[in-house]
Amino acid sequence: RRTGKRNMTTDATKLVWFIEHPAARIWSVNPYKACGIGCIYCIAQSQGRAEPWYSPDTVVGELRKRLANVPDNQELFVGALADAYPPEEETLGITRTVLAELSRQKRAFCTCTKSNLVLRDADILARHEGHCDVFLSLCSLDQSLVSRLEVNAPPVAERLRAVAALKDAGVDIHIDAAPWIPGASDIRALLDVLPAGVGVQVAPLDIRHIGPEATLAGRRFTQDQIHAAYEQHRREVGDDSRVRWKDPRP
């Protein structure tokens with residue numbers, strides 16, 4: 001049931017959310033309550049300790065109840081508001097349990113994560129019958145910069161190795177180069193290090209939740225300046241079928 005304008009949720013739990021926002025209208029399954037990566041550009045308003053909504057023993061039953069109200073033809077986004085692969089997931093296996101249930105129901109789903117732990121679930125992802133996209137989030141190849149922007153995220157090199165391994169395992173793997181940050185993000189350099197057939201989706205940094213200006217990567221920007229630099233970089237990269245450029249938000 002829709003109950004607001006920013007983050008939408010079913011009545012009894014936040015395990016399954018309906019998100020209605022100017023940028024998206026999607027159903028999201030969030031195995032964890034919050035995200036502990038600590039990205040300084042976060043717009044999801046969900047930073048905090050990564051605790052699961054339900055235990056490994058109860059999450060499937062709850063998920064089935066919530067999904068009963070979600071049309072079968074709706075794609076589900078696993079971890080839209082809080083990364084589905086926090087360090088706790090390695091022990092708890094909540095997300096793996098969720099993915100196994102979605103696969104059992106033959107639900108269409110995608111997931112986006114900064115963690116190479118997603119590689120553990122390549123068996124579920126590769127054999128899923130139906131639509132299943134995995135996005136590894138990576139906004140820059142500069143590890144020193146990434147360490148400042150995404151404080152607790154896995155290293156760049158580990159994420160790139162996971163991309164190659166997922167590709168080899170037969171998973172539909174892509175890169176989510178969002179946010180694109182002026183002076184930090186280089187899509188051409190990223191394409192050069194990716195395996196053949198791995199695409200990249202790109203979206204510009206959004207600072208409107210911060211204020212009219214923000215300092216990031218050592219530079220101060222307005223939203224208009226970010227959008228202008230984004231369009232310039234888009235022209236520099238040129239027409240490449242591997243890249244999907246998302247239009248800046250109005």
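User: What average pLDDT does the chain have, and what share of the residues score at least 70?

Analyst: The chain averages a pLDDT of 90, and 92% of the residues reach at least 70; pLDDT is the predictor's confidence in each residue, from 0 to 100. This is a predicted model, in which local features need pLDDT of at least 70 and side-chain atom pairs count only at pLDDT 80 or more, while totals for chains, interfaces and linings use all residues. Residues are numbered from 1 along each chain as its sequence is written, and side-chain values use heavy atoms, leaving out hydrogens and water.

User: Where in the chain is confidence lowest, and where is it highest?

Analyst: Confidence is lowest in strand β1 (residues 16-21), with a mean of 82, and highest in α6, at 98. Helices (H or I, at least four residues) and strands (E, at least two) are DSSP runs, numbered from the N terminus. Over residues 1-12 the pLDDT is below 50, although this stretch has 34 contacts in the model beyond near neighbours in sequence; a contact means heavy atoms within 4.5 Å. Where pLDDT is low, the predicted coordinates should not be read in detail.

User: Why is S28 called buried?

Analyst: Buried means under 20% relative accessible area, exposed means over 50%, and partly exposed lies in between (1.4 Å probe, protein chains only). S28 has a relative accessible area of 0%, so it is buried. This residue sits in strand β2 (residues 24-29). Leaving aside neighbours within four places in sequence, S28 is in contact with several residues, including W17, F77 and L81.

User: And why is A157 called partly exposed?

Analyst: Its relative accessible area is 39%, so A157 falls in the range between the two cut-offs. A157 belongs to helix α6 (residues 156-168).

User: What makes the link between D121 and R96 a polar contact?

Analyst: A polar contact is a pair of N or O atoms within 3.5 Å; within protein, one must be able to donate a hydrogen and the other to accept it, and residues adjacent in sequence count only if both atoms are side-chain atoms. The side chains of D121 and R96 are joined at 2.9 Å, so the distance fits the cut-off. D121 lies in the loop between β4 (109-113) and α4 (122-127), and its relative accessible area of 0% makes D121 buried. Apart from neighbours within four places in sequence, D121 is in contact with Y85, R96 and L99.

User: How many aromatic pairs does the structure hold, and why is the pair of W180 and Y230 called edge-to-face?

Analyst: There are three aromatic pairs. Rings of Phe, Tyr and Trp (its six-membered ring) pair if their centres lie within 6.5 Å; planes under 30 degrees apart count as stacked, over 60 as edge-to-face and the rest as tilted. W180 and Y230 are 5.6 Å apart centre to centre, with 70° between the planes, so both values fit an edge-to-face pair. This pair links distant parts of the chain, with W180 in strand β6 (residues 173-180) and Y230 in helix α8 (residues 223-237), 50 residues apart. Y230 and W245 also form an edge-to-face pair, at 5.6 Å and 70°. W245 is in strand β10 (residues 243-245), 15 residues from Y230. Ring pairs link W180, Y230 and W245 into a cluster.

User: Why is W245 called buried?

Analyst: W245 has 12% relative accessibility, so it counts as buried.

User: How do you know that C42 is not bonded to C39?

Analyst: A disulfide is a pair of cysteine sulfur atoms within 2.5 Å. The sulfur of C42 is 6.6 Å from its closest cysteine sulfur, in C39, so that is too far for a bond. C110 is in no disulfide either, with the nearest cysteine sulfur, that of C112, 8.0 Å away. The count comes to zero disulfides.

User: What is a nonpolar core, and which residues have the most contacts inside the largest one?

Analyst: A nonpolar core is a set of buried Ala, Val, Leu, Ile, Met, Phe, Trp, Tyr and Cys residues joined through side-chain atoms within 4.5 Å. The largest has 50 residues, and I175, I187 and V202 have the most contacts inside it. Leaving aside neighbours within four places in sequence, the contacts of I175 include F135, V163 and L190. A second, separate core of 17 residues includes C35, L145, A153 and A214.
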